[in-house]
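The following note sets out several points for a colleague who is beginning to read protein structures. Please keep the sequence and the structure in view while going through them.

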Amino acid sequence: MNARSEQLKAVERLLNIMDELREQCPWDKKQTMQTLRHLTIEETYELGDAILDNDLEEVKKELGDLLLHIVFYAKIGSETQDFDIADVANGICEKLINRHPHIYGDVKVQDENEVKQNWENIKLKEGKKSVLEGVPNSLPSLVKANRIQEKVAGVGFDWEHPEQVFEKLKEELGELQVEVESNDADKIESEFGDVLFSMVNYARFLNVNPENALERTNKKFIKRFQYLEGKAKESGKTLKEMTLAEMDIFWEEAKSI
């Protein structure tokens with residue numbers, strides 16, 4: 001691995017390149033925080049894909065893309081005299097020091113749960129009116145549900161045992177079935193949401209990230225379905241021309257690959 005001096009030199013090189021691009025490149029000169037926003041979100045998802053695939057070479061590349069965006073935003077901020085990269089770095093440094101009193105102060109903690117509780121309590125002391133203020137409105141619903149539950153658990157609003165959460169999940173499934181039988185679309189949607197929320201909560205107690213778990217299943221399904229499509233093509237049929245029994249044979253083959 002590179003020495004700290006080489007790491008700092010690389011970051012300085014990126015900052016210098018950003019200065020040059022902002023001054024000389026027609027595309028880079030036109031960009032604003034608003035035009036970069038959707039690109040940053042896209043890059044974040046690409047990083048997430050690389051992490052799920054455990055492709056470390058791709059992780060390195062995607063981290064570079066995200067680092068470029070951070071430097072880009074900081075450059076724009078410096079042009080308006082609002083902040084620069086030093087302000088960004090020092091800001092997160094101060095936050096980390098303030099929120100880790102067990103490292104930089106005299107607070108004692110027993111485990112990671114106490115660390116999380118201290119973190120949320122410190123945020124409230126910093127002026128946050130609610131522990132949920134830190135959950136972005138634009139997060140995908142599944143990720144948002146997980147973050148909401150992590151946040152409230154951090155201040156003690158939580159179940160004590162996984163078994164309790166599982167019982168709650170079964171209760172919500174029962175309530176969903178009642179509404180399905182009543183055929184009330186609005187209530188079905190509401191109860192379905194409660195089931196999903198409970199599933200996310202149960203995942204947390206099992207130490208499973210629900211977003212990762214679902215995306216893993218998405219990738220698995222895509223791989224198997226594309227195998228099925230390929231086999232159908234080899235047999236000279238379309239999927240619509242195949243029986244479910246025929247498709248099931250290829251599906252089982254795909255599961256063994």
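1. Read along its sequence, this predicted model follows the pattern α-α-α-α-α-α-α-α-α-α-α-α. The protein thus holds 12 helices and 0 strands.

2. The overall extent deserves attention. The radius of gyration is 24 Å, well over the 18 Å that the globule rule gives for 257 residues, so the protein is more spread out than a compact globule. Taken along the principal axes, the box filled by the C-alpha atoms is roughly 65 × 50 × 40 Å.

3. How much of the protein is buried? Of its 257 residues, 22% count as buried. The protein exposes about 18,400 Å², and carbon and sulfur atoms supply 55% of that area.

4. On contacts, consider pairs of residues at least 6 apart in sequence: among these contacts, 52% join residues at least 24 apart.

5. The protein carries 35 positive and 52 negative charges. The mean positions of these two sets of charges are 3 Å apart.

6. An unreviewed UniProt entry gives the annotation "domain: NTP pyrophosphohydrolase MazG-like" for residues 31-103 and 162-224. Over residues 31-103, the chain is 84% helix and 0% strand, with its end C-alpha atoms 40 Å apart. Over residues 162-224, the chain is 90% helix and 0% strand, and the end C-alpha atoms are 32 Å apart.

7. Ser198 may be examined within helix α10, which spans residues 185-205. Is Ser198 buried or exposed? Its relative accessibility is 8%, and buried means under 20%, so Ser198 counts as buried. Leaving aside residues up to four places away in sequence, Ser198 touches Val165, Lys168, Leu169 and Glu172.

8. Two asparagines merit a check of their backbone angles. Most residues other than glycine have a negative phi. Asn54, however, has a phi near 55°, a positive value in a residue other than glycine. Asn54 is placed in the loop between α3 (33-52) and α4 (56-79). With a relative accessible area of 59%, where exposed means over 50%, Asn54 is therefore exposed.

9. The second is Asn183, whose phi is positive, at about 60°, although Asn183 is not a glycine. Where does Asn183 lie? Its place is in the loop between α9 (162-182) and α10. The relative accessible area of Asn183 is 65%, so this residue is exposed as well.

Technical notes: Residues numbered from 1 in each chain as written. Predicted model: local features only at pLDDT ≥ 70, side-chain atom pairs only at ≥ 80, totals over all residues. Heavy atoms only, no water. Helix = DSSP H or I, 4+ residues; strand = E, 2+ residues; numbered from the N terminus. Rg over C-alpha atoms; globule rule 2.2 N^0.38 Å. Buried < 20%, exposed > 50% of the residue type's maximum accessible area, 1.4 Å probe, protein only. Contact = heavy atoms within 4.5 Å. Areas by Shrake-Rupley, 256 points an atom, 1.4 Å probe, with all protein chains shown as cover. Lys, Arg positive; Asp, Glu negative; His and termini not counted. Charge placed at Lys NZ, Arg CZ, Asp CG, Glu CD. UniProt positions renumbered as here; feature names shortened; annotations may be inferred.
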